[in-house]
Amino acid sequence: MNYISTRGQAPVLGFEDTMLTGLARDGGLYVPEAVPVLSQGDIAAMAGLRYEEVALRVMRPFVADAFAEDDFAAMIARAYAGFGHPARAPLKQLAPNHFLLELFHGPTLAFKDFAMQLIGQMFEHTLTRRGTRATIVGATSGDTGSAAIEAFRGLDAADVFILYPHGRVSDVQRRQMTTPDEANVHAVALTGDFDDCQARVKDMFNDFAFRDGVNLTAVNSINFARVLAQVVYYFTAATALGAPHRPVSFTVPSGNFGDVFAGHIARRMGLPIKRLVVATNRNDILHRCLTTGEYRTGEVHPTISPSMDIQVSSNFERALHLAYGGDGGAIAQLMEEQRSGGFSVSQGALQALREIYTSGRASEAETSAAIRAARERTGELLCPHTAVGYHVAQDHQGATPMVTLATAHPAKFPDAVEAATGIRPPLPPRMADLFDRPERIARVENDLHAIETLIEGNRAA
Ligand SMILES: *Cc1c(COP(=O)(O)O)cnc(C)c1O
């Protein structure tokens, strides 16, 4: 399968090179040239299968020419073996027609593990076979970084450098990044916010000399392989609830738009998803854009759901690319306008987006109230990101089953949960000593040269 850039000016690549490249050389994001469509029979046959088997069937058409089927099955098996639940992504009923998809049973307690664990295995396979090493950089608002460090720690083929906004991630998130002691993984605290981290990562990719010199690659949600791994749980959840014979809707707590865009891919593959509800916290650029057609960046406000505290939502570019009928020139133009504050989505494209997406937002008070309400009504403790989804989902309930994605474990954000409910959720036993392990942190200013120097000096090879 071929992958093309959303901006239309970068080389067409196969799956492995798309995965290793991350950001396209024209600044765009790679997307499949055509999304494979599964038959109703193929989808119906997934009901009740093991997660790993569904993963193989959903992802195989995207990777078929890159990995032998046995190899790919083995990578999937290794990726999910460390999860703390046999269903991997169990579905729990909250109310009539409302379900919670628990995506927090991986090693770092957030949904990022689904993609990152698999990406670690795929990188190791491809780089080893090619006899090369890579330098992986990523920006994180907390959960991506811990998932990446956990997925790559101790692997032979890659060094990992994760930039996170100093002082703006939770203690659990930070410690998950700073306590692994393997020499190939590095947590880097940047003076700035998440968008600064993300911007510096993009700058490194646009510095071609540096990029080629260290064999730079990214595992941010701009990496299509990550989006792909997240498509799988839309299939397991929807088929458990009656798809393909019955449509299902999803509410997705969103920031960088990767998770909800994976639902868009699932829908194009033939899964009957009626609505994808984009749930945002008070950093509501996605909600405003889907409501008004105006994408205007502003200031980032820190919230109790920090993994959604962003103003530049990278993966939205992929949805725009589809909504503009694959017109790379139009996307390049919009992204140029974004650099100077924002853009307007055309009427036709907005209509195309609204056929799939609706949206809502939760204020800080509404998020806390949702944590409390869920506890009282259902007995569940929700993390604040999930609570944003829970709040927004209430406004979109109807005859179609609604699945709200539980994106992190409540113990990852214990302060917010305790403030709302009086209950401090404990870490699962396998992580109980997290606060006793020594931390290792590099500090850096929001300066491209300083960051590049740090990386060049700390690679293993
Ligand atoms: C990353 C993250 C999100 C946002 O997901 P996107 O793919 O960036 O939209 C929501 N909740 C949690 C807990 C996360 O870690």
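## A tour from the ligand outwards

Begin by selecting the ligand together with Lys112: in this predicted model, an oxygen atom of the ligand is 2.6 Å from an N or O atom in the side chain of Lys112, a polar contact being a pair of N or O atoms within 3.5 Å. Residues carry numbers that start from 1 along each chain as its sequence is written. Because the model is predicted, local features need pLDDT of at least 70 and side-chain atom pairs count only at pLDDT 80 or more, while totals for chains, interfaces and linings use all residues, and side-chain values use heavy atoms, with hydrogens and water left out.

Next, add Gly258, where a polar backbone atom is 3.1 Å from an oxygen atom of the ligand, and then Thr407, which has a polar side-chain atom 2.9 Å from a nitrogen atom of the ligand. The protein buries 97% of the 380 Å² that the ligand exposes when taken alone, with areas from the Shrake-Rupley method and a 1.4 Å probe.

Now select the whole shell of 15 residues around the ligand, among which Lys112, Asp143, Gly255, Asn256 and Asp259 come nearest; a residue is near if one of its heavy atoms lies within 4 Å. By class, this shell has 5 nonpolar, 7 polar and 3 charged residues, with Gly counted as polar and Asp, Glu, Lys and Arg as charged. Hide the ligand, and the space that it takes is the largest cavity, a cavity being a set of points on a 1 Å grid over the protein atoms alone where a 1.4 Å probe fits but cannot get out.

Moving outwards, colour residues 2-80, where UniProt, in an unreviewed entry, places "domain: Threonine synthase N-terminal". The end C-alpha atoms of this span lie 27 Å apart, and the span is 47% helix and 8% strand, as DSSP runs of at least four residues for helices and at least two for strands. Then colour residues 100-327, which the unreviewed UniProt entry gives as "domain: Tryptophan synthase beta chain-like PALP"; here the end C-alpha atoms lie 36 Å apart, with 44% helix and 19% strand.

Finish with two backbone details. Pro244, in the loop between α10 (224-240) and β9 (248-253), follows Ala243 through a cis peptide bond with omega near 10 degrees. Arg88, in the loop between α4 (69-80) and β3 (91-95), has a positive phi of about 65 degrees although it is not a glycine.

Definitions and conventions:
A polar contact is a pair of N or O atoms within 3.5 Å; within protein, one must be able to donate a hydrogen and the other to accept it, and residues adjacent in sequence count only if both atoms are side-chain atoms. On a 1 Å grid over the protein atoms alone, a cavity is a set of points where a 1.4 Å probe fits but cannot get out, and a pocket is an open set with protein on both sides within 12 Å along at least five of seven lines; lining residues have an atom within 4 Å of a point. A molecule sits in a cavity or pocket if more than half of its atoms lie within 2 Å of its grid points. UniProt positions are given in the numbering used here, feature names are shortened, and annotations may be inferred rather than shown by experiment.
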